[in-house]
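Here is a short tour of a protein–DNA model, written for someone who likes to check distances for themselves. Have the coordinates open and follow along.

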Amino acid sequence: MVSEFMLQQTPVARVLEPWRQWVARWPEPAALADAPVSEAIRAWGRLGYPRRAVRLHAAAVAITERHGGVVPTELAALLALPGVGSYTAAAVLSFAHRQRHVVLDTNVRRVLARTLDGRAHPDPAPTAAERARAAALLPQQPAEAAEWAASSMELGALVCTARNPDCPRCPVQDLCRWRALGHPAWDGPPRRGQAWHGTDRQCRGALLASLRDTEEPLARETLVAGWPDPAQAARALAGLLADGLAEETEGRVGLPG
DNA sequence: CAGGCGTGGCA
DNA sequence: TTGCCAAGCCT
């Protein structure tokens, strides 16, 4: 479950070392639940999307309080945990328990878009129809379904990649519609990249980096001083406070206890 | 439901 | 250099 949180929108190579450190330090949910959120945020380091650290900590608390410290093995119970959506819940149950679930991540979605639709990329967000199609493809036996989930994901991650797919090495190249059509370019809506320079998001990252690096809370003015646009810094800080990534007491801002 | 939310590597 | 893109989730 820790690895799945870390892997949300983050490359495997970057997750490996933080994951090792994390599970060595907090080998079970109760251990993480006992730690202050600030330590979870620091241990998250520069993985990105630090709200995941807050949510993982909150999930550990919920598991400790509601499930006796054991990660639940039912889909609904997992989905009720903060930071656990349809992908993460299905991934945990499929990979850890070999249950039968549709594990529909961006890799699997790309494999299906190419092989079945002949399109270079899936739509921006998964649709109900897409989920239904994936469900129809899932083997009936749980063990086979789990194997299917893992292998279809790996196919997308290692062979049927977004940028340079290795079609000659693909085990399903002969049934791939995209390959049969000659690898047509993406003709859907323009794929939106995420702005970064000068955005609130960049500002949040900078402010949080400052908070991670100090033990003692900083005066609000000190924290905000390093950012050229005061209004933007104020807005970003408000967001961090709202997200539980920062805490303000008597004009001083630090990581939440 | 469209948009917000980090970070760094690579073409 | 700039622009993708990487095992999503939440509001």
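## DNA strand B

In this predicted model, sugar or phosphate accounts for 55% of the atoms of DNA strand B within 4 Å of the protein, and bases make up the rest. There are 17 residues around DNA strand B, and R14, R46, P50, R201 and R204 come nearest. Sorted by class, the surface near this strand has eight charged, five polar and four nonpolar residues.

Which side chains have polar atoms placed by the base nitrogens of DNA strand B? One is Q194, with a polar side-chain atom 2.8 Å from a base nitrogen. T10 has a side-chain N or O atom 3.1 Å from a base nitrogen, and for R163 the distance between a polar side-chain atom and a base nitrogen is 3.4 Å. As for secondary structure, α5 (51-66) and α12 (200-212) are the elements that give two or more residues to the surface near DNA strand B. The most come from α12, which gives four residues.

## DNA strand C

Now for the other strand. Around DNA strand C there are 23 residues, of which G83, T88, D105, N107 and A162 come nearest. Here 66% of the strand's atoms within 4 Å of the protein belong to sugar or phosphate, with the rest in bases. The surface near DNA strand C has eight nonpolar, eight polar and seven charged residues. At least two residues of that surface come from each of α1 (2-7), α7, α8 (106-117) and α10 (142-159).

Two backbone contacts to phosphate are worth a look. G83 places a backbone N or O atom 2.8 Å from a phosphate oxygen of DNA strand C, and a polar backbone atom of G85 is 2.9 Å from a phosphate oxygen of that strand. R163 turns up again here: an N or O atom in its side chain is 3.1 Å from a base oxygen of DNA strand C.

## A residue in helix α7

Is S94 buried or exposed? This residue sits in helix α7, which spans residues 86-97. Its relative accessibility is 1%, and buried means under 20%, so S94 counts as buried. Beyond neighbours within four places in sequence, S94 is in contact with Q99, V103, A146 and A149.

## The sheet

Three strands form an open sheet in the order β1-β3-β2, paired in the antiparallel sense. The edges are taken by β1 (218-219) and β2 (247-249), each of which has a single partner strand, so each has one side without a neighbour in the sheet.

The pairing of β1 with β3 (residues 252-254) is antiparallel and runs over two bridges. If you would like a pair to pick out, A219 has R252 in β3 as its bridge partner.

## The chain as a whole

Chain A has 14 helices and three strands. Its C-alpha atoms fill a box of roughly 65 × 45 × 30 Å along the principal axes. Of its 257 residues, 40% count as buried. Taking contacts between residues at least 6 apart in sequence, 59% join residues at least 24 apart.

The domain assignment splits chain A into domain 1 (2-97), domain 2 (106-180) and domain 3 (200-254). The centres of domain 1 and domain 3, taken over C-alpha atoms, are 25 Å apart. Eight residues from domain 1 and eleven residues from domain 3 take part in the contact between them.

Technical notes. Residues numbered from 1 in each chain as written. Chains lettered and ligands numbered in written order. Predicted model: local features only at pLDDT ≥ 70, side-chain atom pairs only at ≥ 80, totals over all residues. Heavy atoms only, no water. Buried < 20%, exposed > 50% of the residue type's maximum accessible area, 1.4 Å probe, protein only. Contact = heavy atoms within 4.5 Å. Near = heavy atom within 4 Å. Polar contact = N/O pair within 3.5 Å; in protein donor to acceptor, adjacent residues only side chain to side chain. Nonpolar A, V, L, I, M, F, W, Y, C, P; charged D, E, K, R; others polar. Pairing = 2+ DSSP bridges. Domains from an automatic or database assignment.
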